[in-house]
Amino acid sequence: MNSPLRFAGTRSLTLPGIVAAWVGAATLTASGVGLSASAAGLTATGAGLQAPLSLRPVAPEGRLAFRTYGPEQGLRHRSITAITQDARGFVWAGTEGGAYRYDGSGFTLFSLGSGLPGAWVRAFLPDGEGLWIGTREGFCRYQGGRITRAEGAAGQARIRQLAKGPEGRAWFVSDEGVFRRARGLSFEAAPGWEGGRALAIHAQGPVVWIGTEEGAVWRFERGDWTRYGTADGLVHGPVKALLQDGAGRLWVRTAKVLLVRDEAQGRFRPVEGLPPVLNTIYEESLASDGNGGVLVPSNAGLLRITRSGGWSLLDDGRGLPYHWANAALVDRSGVLWVSNFGLSRQLGTGAWTSATKADGLPSDSVWAIHRDHGGILWVASAAGLAKSRGPGFEAVAGTAGLVFYALAEGPDGSLWAGGEGPFLLRLGRGKASWDRVPVPGLEAGSQVNGLVFEPDGTLWIAANPGLYRLAPGAAAPVRVGIPGAKEDGDVRALALDGKGALWAAGRSWIGPLPGRRLEPLGHGPGPAAAQAGHPRPAARRQPVGRLPGARGPQPSEGRWRRPEAAGAPGPGHRPHLQLHRLPHGRPRRHPLGRHE
């Protein structure tokens, strides 16, 4: 077995055509067939090294966001052994209790009662409009809503893995041997196979690769078999998974070692310097990252090795709901799916980073953020305002110690801020100092909770208590009535929707408001006037779909309700919030790392 190139006191790996070493600030240079690390005083040369590519750990840029599916969405069996996407875009999950199909809103189970030969699903293979499904008790095909068992011995085969081989034929390895599709639902033994018990299979173009229990790798091409063993660099131990990456390298996974073979070199070398991630709860697997790289699910998380020579580890510290991974899939939309305790789907393509007092914020409790017309990011916190033009934040003079809850920018470029006290401040465009704007009717101890501008310059103010409107050119805001709400109601938030409708939310209600038709209290059909005999419009309460993970009021039978919860916070309680950033407007990023 060829020994990998290693650097004393450093983390390194060497493969045919791939050399990785990180030695602090050492400078790595490649020349001919040699690699030197000048800062460490190390030099390695050898005829087997050609045009080395330095692998590097890719520094994580933040946390990824995931949604995990389980029994609430119909996924009753959480032990997932395989994931795939069929030709119609449905995502399938193989479990110990059957095959689940996800249609975007929920999961449908296909198990013994649906025609599966066995409940424990080990592998999938999309094929045209159908899907091959391999179980521990047999092989079958799903197509047109029906499951049909394969004919003959294949129907009872204890399937290990599946692959699409030459001429588009389905191949599988099982405890009974290696088989390929003959026609229809009929399968035949692979011609000339004498390699013993097969555990892994991968196919690319005209080539089929087979991994065996004895630790050998076999290559089938145009009717001929070629065997690779320890003399070719392989190690002793069952071969559990095989995958060819976008650069044409063949990756081999055993229970303890990850190896790679470059076609030009023709030899296998062990990969070293990576985190100890080679064990999994179920069978070890490999998957494509959708960008020419390799995904390695493990009991320490999901390792990604990029085509360009970097690696990164996605674990619970970077947003994975659990610290291990059984299987992984990057679907055709570039979305990452990971199985652990349930099935997790990445939300978006960016990574979240957090800002705290250590980054210059006055407080870790953040209530509002706003990016103004000039690109400055403003932050309203429980101890003052902060702003940022790039990395880090700086406190805004004159606001220290104030509790800010709201920020908004007017059509004229002025910045408005409100908070506890109460207070309402205005910073004119190009001005250096803030002006205090009086809000008649708000007494000491009350607060400004939200601000929103209409295109015509009208400012709406959500306060405790009440809703206020500041018309363009007016000297002070005027309180207006909310149909169906108490006069002393606590208005917590405001927003304009895409059609320009104004929405408001209180402690136990949410709904659209009639905008400019709202009248000042005591004038027209507001709450006070209604008591004098004027008709009061009915409050509109409109059901809205539940957001994933939302804990606020949820729609029920067309009306809004507040979910019952033990130990629910009382009136006036504000949860502790922190500031997080998700990159926006950048090139499309890979689910696990930097844009490539």
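Author: Before we start, a strand (E) is a DSSP run of at least two residues, and strands are numbered from the N terminus. Also keep in mind that this is a predicted model.

Reader: Okay, so where is Glu167 found?

Author: Look just past strand E16, which covers 159–164. Strand E17 takes up 170–174, and Glu167 sits in the loop between E16 and E17.

Reader: Is Glu167 buried or exposed, and what is its relative accessible area?

Author: Exposed is the label for anything over 50% relative accessible area. Glu167 counts as exposed because its value is 72%.

Reader: What is phi of Glu167 near?

Author: Glu167 has a positive phi, and the residue is not a glycine. The angle is near 65°.

Reader: Arg222 also has a positive phi, so I'm curious: which two strands flank its loop?

Author: Phi of Arg222 is near 50°, again in a residue other than glycine. Arg222 is exposed, with a relative accessible area of 65%. Its loop runs between strand E22 (217–221) and strand E23 (224–228).

Reader: Let's go inside. How many of the six residues of strand E13 are buried?

Author: Take the two faces of E13 one at a time. Gly130, Trp132 and Gly134 are buried on one side, and Leu131, Ile133 and Thr135 are buried on the other. The strand is therefore largely enclosed by the rest of the structure, and the count of buried residues is six of the six.

Reader: How many bridges join E12 to E13?

Author: E12 and E13 make a hairpin with two residues between them, and Gly128 in that turn has a positive phi of about 60°. One bridge puts Ala123 opposite Gly134 in E13. The two strands run antiparallel, and the number of bridges is six.

Reader: And on to E14: which residue there is the bridge partner of Ile133?

Author: A two-residue hairpin connection takes E13 into E14. Strand E14 covers residues 138–143 and pairs with E13 in the antiparallel sense over five bridges. The partner of Ile133 in E14 is Cys140.

Reader: How much space lies in the second largest pocket?

Author: Its lining takes 46 residues, and Ile83, Phe124, Leu162, Leu286 and Ala287 lie nearest the centre. By class, that lining splits into 23 nonpolar, 13 polar and 10 charged residues. Strands supplying at least two lining residues each include E8 (80–85), E12 (121–127) and E16 (159–164). The space in the pocket comes to about 1400 Å³.

Reader: Which strands are the edge strands of the open five-stranded sheet?

Author: The order of that sheet is E6-E31-E30-E29-E28, with mixed pairing. An edge strand pairs on one side only, which leaves E6 (56–57) and E28.

Reader: In E31, which residue is the bridge partner of Ile305?

Author: Strand E30 (residues 301–305) and strand E31 (residues 310–314) run antiparallel, with four bridges joining them. The partner of Ile305 in E31 is Trp311.

Reader: Last one. Where is the omega of a cis peptide bond near 10°?

Author: One cis bond runs from Gly421 to Pro422, but its omega is near 0°. That proline lies in the loop between strand E41 (415–419) and strand E42 (423–427). Then look at the loop between strand E45 (459–464) and strand E46 (467–470), which holds Pro465. The cis bond with omega near 10° goes from Asn464 to Pro465.

Key
Residues numbered from 1 in each chain as written. Predicted model: local features only at pLDDT ≥ 70, side-chain atom pairs only at ≥ 80, totals over all residues. Heavy atoms only, no water. 1 Å grid on protein atoms, 1.4 Å probe; cavity = no way out; pocket = protein on both sides within 12 Å on 5 of 7 lines; lining within 4 Å. Points joined across faces, edges and corners; volume = space filled by probe spheres on them. Nonpolar A, V, L, I, M, F, W, Y, C, P; charged D, E, K, R; others polar. Pairing = 2+ DSSP bridges. Buried < 20%, exposed > 50% of the residue type's maximum accessible area, 1.4 Å probe, protein only.
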